[in-house]
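Notebook open, model loaded. I want to look up the charged pairs, then a domain contact, then the ligand site.

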Amino acid sequence: MAHVWIDQLKQIVGEPHVQTKKSSLLAYSFDATPNFQALPDAVVAPANKQEVADIVKLCNQEKVPLVPRGSGTNLAAGTTPTQGGIVLLFHRMNSITEIDEENLTITVQPGVITQDISEAVETLGLFYPPDPSSMKISTIAGNISENSGGLRGLKYGVTKDYVLALEVVLPNGEIIQTGGKLAKDVAGYDLTKLFVGSEGTLGIVTEATLKLIPKPTAKQTLLAVYDSMEKAAETVSSIISNRIIPATLEFIDRPTIQAVEDFSKVGLPVDAEAVLLIEQDGTVENVAKDMPLISELCEKHGATQVKIAETEADAHALREARRTALSALARLRPTTILEDATVPRSEIATMVRAINEIAAKHNVSIATFGHAGDGNLHPTCTTDVRDHEEWERVEQAFEDIFAKAIDLGGTITGEHGVGEMKSPYLAWKVGEAGVEAMRGIKTSFDPNNIMNPEKIFAKSTRKRVVVST
Ligand SMILES: Cc1cc2nc3c(=O)[nH]c(=O)nc-3n(C[C@H](O)[C@H](O)[C@H](O)COP(=O)(O)OP(=O)(O)OC[C@H]3O[C@@H](n4cnc5c(N)ncnc54)[C@H](O)[C@@H]3O)c2cc1C
């Protein structure tokens, strides 16, 4: 049955920008997370902040759930319209508003693609460092709402480190500005930081001002090959304890190497147990100083081969190969589950070992790659959701992985967010009192619970099992 508010939506944004056909709704019933699906009642594409505010006011009045959605690449069921309602799209709000070369900022609308930001500023000798592997398709509002990380996180930080100001439509339809083009600002609570990582549960981002830095003038890329995972992990700790902070320090295990090589044919050593992809950038002098030291440390910790990319084309191919890891693994079986359990970087070797033991214990296939320098691993299970018995073992394995990460002083999610998928585990990390404090914030912003309901906050917490690995 058609809802009356659908006609009101059409008046706000124009009829062509409201989709209600089942075939269109189906496309927005799921995101990049397997096994979560729910149909919205309408999909709406506003053109500007006033239209967003009018939609939000209508939803608040009619108590209609509202799910903001960028490109739907999140891996935590963050945009599934679990209670129906409206999915809000931002492809009509995708302009770069301003690049300010005096204040070193860029101001963008929510639907701008991450890579377009990088490319636009790099032509001016500027640099926007956050680079999630999905940057060719992810939107900036999605990155902000998940506080996304990337391959350059170790040296440059993550999205939150670059968000200076936001324009946000609150759940009551009011439009607020947070922060500014300011290096310093302590006027009240830091609402900018509160919205970063809030997963569309507190308001709708309609504009963002991001910090830029000068583009590094030099960069070098190295591939170190290992016959044991432990040696690769030891190298990671050793580089950092030697006071070298590479721009990128990525780990890829044997099953991932094989899948990536099969997919991208860049000449990765398919017999290796692990490889590290390491990049350093900065001034020509700094890169020339750090790279030989990094090579030396790789060799000292047992690398069987250390290869420095000779051309930017070779380096680019290696970087792109790493970025395809998830897509490459996804070709192996019908369902791919990628997690982002994160531990202190000193615990990388222990965590990788534990993941392998957990996979063996539950007889499931898990490949691991990730941002080793950040302690942020991506254990990735290739499976088939239609095999219910196997699926139960996969779920059990991931519960054990979350529990192990917590035991090692880590977290259930380093960069993908909680969404609906990991909501039953949030209390494992922040405690029941922590969840209640967060719920209090949510309720004060959104008393009618219209903004992306059933994300972050679960109806019940999963029981914590003690893992023995
Ligand atoms: C192949 C692949 C590689 C990936 N690599 C990485 C990686 O390296 N690092 C990483 O951190 N993540 C990675 N991800 C996860 C994902 O790409 C990121 O979370 C990304 O930021 C999501 O952007 P999106 O535009 O697709 O947002 P969506 O998935 O559409 O939405 C993400 C969240 O943002 C909210 N949202 C969207 N727009 C707005 C808005 N205007 N206002 C308020 N809330 C909004 C949504 O409600 C949702 O909660 C990867 C995913 C894939 C599929």
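**Salt bridges.** I searched the whole structure, a predicted model, and got 28 salt bridges. I then picked out one pair that links distant parts of the chain: arginine 323 and aspartate 131, 192 residues apart. I find arginine 323 in helix α11 (residues 312–323), while aspartate 131 sits in the loop between β7 (126–127) and α5 (140–146). For this salt bridge I read 3.0 Å between the closest N and O atoms, which is within the 4 Å cut-off.

**Domains.** Next I pulled the domain assignment of the protein. I have domain 1 at 3–88, domain 2 at 96–214, domain 3 at 218–324 and domain 4 at 329–418. By these bounds, aspartate 131 belongs to domain 2 and arginine 323 to domain 3, and that took me to the contact of these two domains.

**Domain 2 against domain 3.** I get 29 Å between their C-alpha centres. Twelve residues from domain 2 and twelve residues from domain 3 make the contact. How much area is buried between domain 2 and domain 3? I noted about 990 Å², with 50% of it from carbon and sulfur atoms. On the domain 2 side, I see that Leu151, Leu154 and Lys155 lose the most area to domain 3; together they give 63% of what that side buries.

I also checked the polar side of this interface. The rule gave me three salt bridges across it, and I count six residue pairs in polar contact there, both partners at pLDDT 80 or more. Which helix gives the largest share of the domain 2 side that touches domain 3? I found helix α6 (residues 153–156), with four residues. I sorted the residues of that side as six nonpolar, two polar and four charged.

**Ligand site.** Last, I listed what surrounds the ligand and got 34 residues. The closest are Pro68, Gly70, Thr73, Ser134 and Thr139. For polar atoms, I looked at two glycines: a backbone N or O atom of glycine 149 is 3.0 Å from an oxygen atom of the ligand, and for glycine 142 I read 3.4 Å, again from a backbone N or O atom to a ligand oxygen. I also noted the side chain of glutamate 415, where an N or O atom lies 3.2 Å from a nitrogen atom of the ligand.

Definitions and conventions
Residues are numbered from 1 along each chain as its sequence is written. This is a predicted model: local features need pLDDT of at least 70, side-chain atom pairs count only at pLDDT 80 or more; totals for chains, interfaces and linings use all residues. Side-chain values use heavy atoms; hydrogens and water are left out. Domain bounds come from an automatic or database domain assignment. Contact means heavy atoms within 4.5 Å. Buried area is the accessible area (1.4 Å probe) that two parts lose on being put together, summed over both. A salt bridge is a side-chain nitrogen of Lys or Arg within 4 Å of a carboxyl oxygen of Asp or Glu. A polar contact is a pair of N or O atoms within 3.5 Å; within protein, one must be able to donate a hydrogen and the other to accept it, and residues adjacent in sequence count only if both atoms are side-chain atoms. Ala, Val, Leu, Ile, Met, Phe, Trp, Tyr, Cys and Pro count as nonpolar, Asp, Glu, Lys and Arg as charged, and the others, Gly among them, as polar. A residue is near a molecule or strand if one of its heavy atoms lies within 4 Å of it.
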